[in-house]
Amino acid sequence: MRGPRPSARGLADAAFVLAGAALAGWLLGRAGVPSAGLFGGLLAGLVRGLAGRTPLGVPRPAAAASQAVVGVSIGALVDPETLAALGEDWLPVVLVTLATLLLTVGAGLLLRRQPGISPVTGAFAMIAGGASGITAMARDLGADDRMVAVLQYLRVVLIVVAMPIVATTVYGADPAAGTAVPEEAAPGWPAGLLFTAGCAVVGVLLARLVRLPVPALLGPLLVAAAVDLGGLSGGADVPGPVEAAAFVLIGLQVGLRFTVASLRTVGRALLPALAVIVGLVLACAGLGLVLSAATGVSELDAYLATTPGGLYAVLATATGTGADATFVLAVQVLRLFVMLLAAPLIAARLRRGSP
């Protein structure tokens, strides 16, 4: 995909990898895997990266465009009604969010003891919230995006599998108590495409103007959030196929950089990382109990609100068990924004403190 004049063979190679990524993403989506497009791209890129004799990569403009789409998609989660759900509980929610940030960074620093894992990579691998956004910005901020992607989604998969079981057995959630959430009428894909393109272009230009770190992602994210909070989006969102294509490209960008040596490094880190992830999930459940005591919300609501990852699975569980989905969404979105906006500062601090 890179090079001044790609040959016909190179174009065919790129097309084959893209087709494989799209097919893998579709199959994983049918299987209910979270962020199926990213997983599909990661898998196809991994196979090509290990089997190919010549290097292949995602062009910079395509990588930047995919980051911008992810940024707009995350920014569009914010709306006044969601944030208003915090009400008088905003202070304990903010404190628990900051505690979660410290916990996840501390958990990531435990991984630095593993060979081949830098402090920045360990921290980014464990930061809870916005796995796709963290993966997309990891390489730009000095982290190994291959390790970050694998460990971020290892945590998400574990949470997605365990959360319904924990909600019913530990917190007594009733799967039959759920209510269907009415879907708002969307303005259609043309409005969504205009919203996505406008927020992406304006966001990148403004971010570069003020020298914001990772401008391709954080700029569109902040502009989309501002447009939504100002009531100017009209309910528009990133069209599904555009978002899926962005995830595929991010997955490909990571997967194509895998080598046999990097795969061995990831493999050695899996068991220690699994232990750290389990400890992190338990610690966040403890923060959920603190949040419940401080705000008066149910322990189930607080557990779902503080679960470190798997936003859409969390919302599905909340609506399916009769939990307060609006409060859960508000806390999760607030944490997601704090994590993504704090990531550049964390990376800069860890790089300064590293030998």
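## Aromatic pairs

Rings of Phe, Tyr and Trp count as a pair if their centres lie within 6.5 Å. Planes under 30 degrees apart make a pair stacked, and planes over 60 make it edge-to-face. In this predicted model, the structure holds two aromatic pairs.

## F39 and Y153

One pair is formed by F39 and Y153. Their ring centres are 5.0 Å apart. The angle between the planes is 65°, so the pair is edge-to-face.

This pair links distant parts of the chain. F39 sits in helix α2 (residues 36–51), and Y153 sits in helix α8 (residues 145–169). The two are 114 residues apart. F39 has a relative accessibility of 18% and counts as buried. Y153 is also buried, at 3% relative accessibility.

## Y171 and Y303

Y171 and Y303 form an aromatic pair as well. Here the centres lie 4.8 Å apart. The planes are at 20°, so this pair is stacked.

Y171 lies in the loop between α8 and α9 (189–209), while Y303 belongs to helix α13 (residues 299–306). The pair therefore ties together parts that are 132 residues apart in sequence. Both Y171 and Y303 are buried.

## T121

T121 is part of helix α6 (residues 119–126). Is T121 buried or exposed? Its relative accessible area is 3%. The cut-off for buried is under 20%, so T121 is buried.

Leaving aside residues up to four places away in sequence, T121 touches A143, D144, M147 and V148.

Technical notes:
Residues numbered from 1 in each chain as written. Predicted model: local features only at pLDDT ≥ 70, side-chain atom pairs only at ≥ 80, totals over all residues. Heavy atoms only, no water. Helix = DSSP H or I, 4+ residues; strand = E, 2+ residues; numbered from the N terminus. Buried < 20%, exposed > 50% of the residue type's maximum accessible area, 1.4 Å probe, protein only. Contact = heavy atoms within 4.5 Å. Phe/Tyr/Trp six-rings, centres within 6.5 Å; stacked < 30°, edge-to-face > 60°.
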